[in-house]
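Student: I should like to go through the reasoning behind the terms applied to this structure. Please set each value against its cut-off.

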Amino acid sequence: MDTSGDMNSKEEQYVVTTAAVIRKAKIPSLLSQIYNLKKGILENERQEIKAQSFINASTLAQNGEPFSKKYTFIDRYVHEVLREFTFFAFSAKNTVLGLKPFESGGGYLPKHYKLLLERINYLAKSEKKQALILIDYSYKNTDRNMAFAFSDYLYKSLKGSSLGNIIEFPLFVDSEMTEGIQAADVGAGILRNYYTLLEKQSVLDDKKLLFKSKVQEYYEIIRGCSRDFRNNGKPFMDYIR
């Protein structure tokens, strides 16, 4: 799981939290594929892939110029790597997201995490698997409180305790060394830019229009890798009101 968008900025229009789900059996071949892409194109197999660095107009708005290494890499990464994941995502206007700081000792888990856990559990249960949740490591105290909040929700709440296909304690990992977190970050970045650009149709210059076109292309790939949670025609992106 990872989040794109600054929840502390009044200028941020959308915040998107994304879960990128992968089967355990696929991990070795996917890691090899990513390694080869990083080494072959970026010439740095250890480079961390962040949406902020790759999903932007300066990288993606190519207009007759030779494609950069970053453009070539992220285009293949989205088309070849992200297609292997199943995505669930939630978006909200920053003003209505209503995220509270994680309280000391846990006890409060924000709504979007609960909803993502429901969807991950649904997918794991349908395939008779157990799901391990990995979350981007950021700040030690926040992560500790977040871990308590996850544990309290999964063990102590009626709804959480019904999610029997999720391993009860999440792992907090360094995104620089965890390809799954990087995939979730790129997916969230694509989705946040897609919804932000939809609201700026009348004020986009030529470069932004090129950027929007590429983001639209990537959005369709992410959407194609998603699951309709309740199979009732709901759109891929769920909004938290």
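Tutor: We shall take the nonpolar cores, then the surface, then the salt bridges of this predicted model.

Student: Why is leucine 82 called buried?

Tutor: Leucine 82 has 0% relative accessibility, and buried means under 20%; leucine 82 therefore counts as buried. Leucine 82 is found in the loop between α4 and β3.

Student: Which residues does leucine 82 touch, beyond those up to four places away in sequence?

Tutor: They are Tyr77, Phe87, Ala183, Val186, Ile190, Ile222 and Cys225. The C-alpha atoms of leucine 82 and cysteine 225 are separated by 8.0 Å, although the two residues are 143 residues apart along the chain.

Student: What makes up the largest nonpolar core?

Tutor: That core has 41 residues, and Ile55, Ile74, Tyr77, Leu82 and Ile190 have the most contacts inside it. Elements giving two or more residues to this core include β2 (14–21), α1 (27–42) and α4 (69–81). Its largest share, nine residues, comes from α8. Another core, of 22 residues, lies apart from it, with Tyr113, Leu117, Ala131 and Ile133 among its members.

Student: Why is isoleucine 167 called partly exposed?

Tutor: Its relative accessibility is 35%, and partly exposed covers the range between under 20% and over 50%; isoleucine 167 therefore counts as partly exposed. Isoleucine 167 lies in the loop between α7 (158–161) and β5 (171–173). Together with Leu132 and Leu171, Ile167 makes a nonpolar surface patch of about 240 Å².

Student: How do you know that lysine 156 and aspartate 152 form a salt bridge?

Tutor: Their closest N and O atoms are 3.4 Å apart, and the cut-off is within 4 Å; the pair therefore counts as a salt bridge. The two residues are four residues apart in helix α6 (residues 140–156), so about one helical turn separates them.

Student: Are these two partners buried or exposed?

Tutor: Lysine 156 has a relative accessible area of 67%, and exposed means over 50%; lysine 156 is therefore exposed. Aspartate 152, at 17%, falls under 20%, so aspartate 152 is buried.

Student: What makes glutamate 217 and lysine 214 a salt bridge?

Tutor: The closest N and O atoms are 3.1 Å apart, which is within 4 Å; the pair therefore qualifies. Both residues lie in helix α9, three residues apart. Salt bridges that share partners join Asp75, Lys214 and Glu217 into one network.

Terms used:
Residues numbered from 1 in each chain as written. Predicted model: local features only at pLDDT ≥ 70, side-chain atom pairs only at ≥ 80, totals over all residues. Heavy atoms only, no water. Core = buried A, V, L, I, M, F, W, Y, C linked by side-chain atoms within 4.5 Å. Buried < 20%, exposed > 50% of the residue type's maximum accessible area, 1.4 Å probe, protein only. Patch = residues over 30% accessible without salt bridge, like charges linked within 9 Å, V, L, I, M, F, W, Y side chains within 5 Å. Areas by Shrake-Rupley, 256 points an atom, 1.4 Å probe, with all protein chains shown as cover. Salt bridge = Lys/Arg side-chain N within 4 Å of Asp/Glu carboxyl O. Contact = heavy atoms within 4.5 Å.
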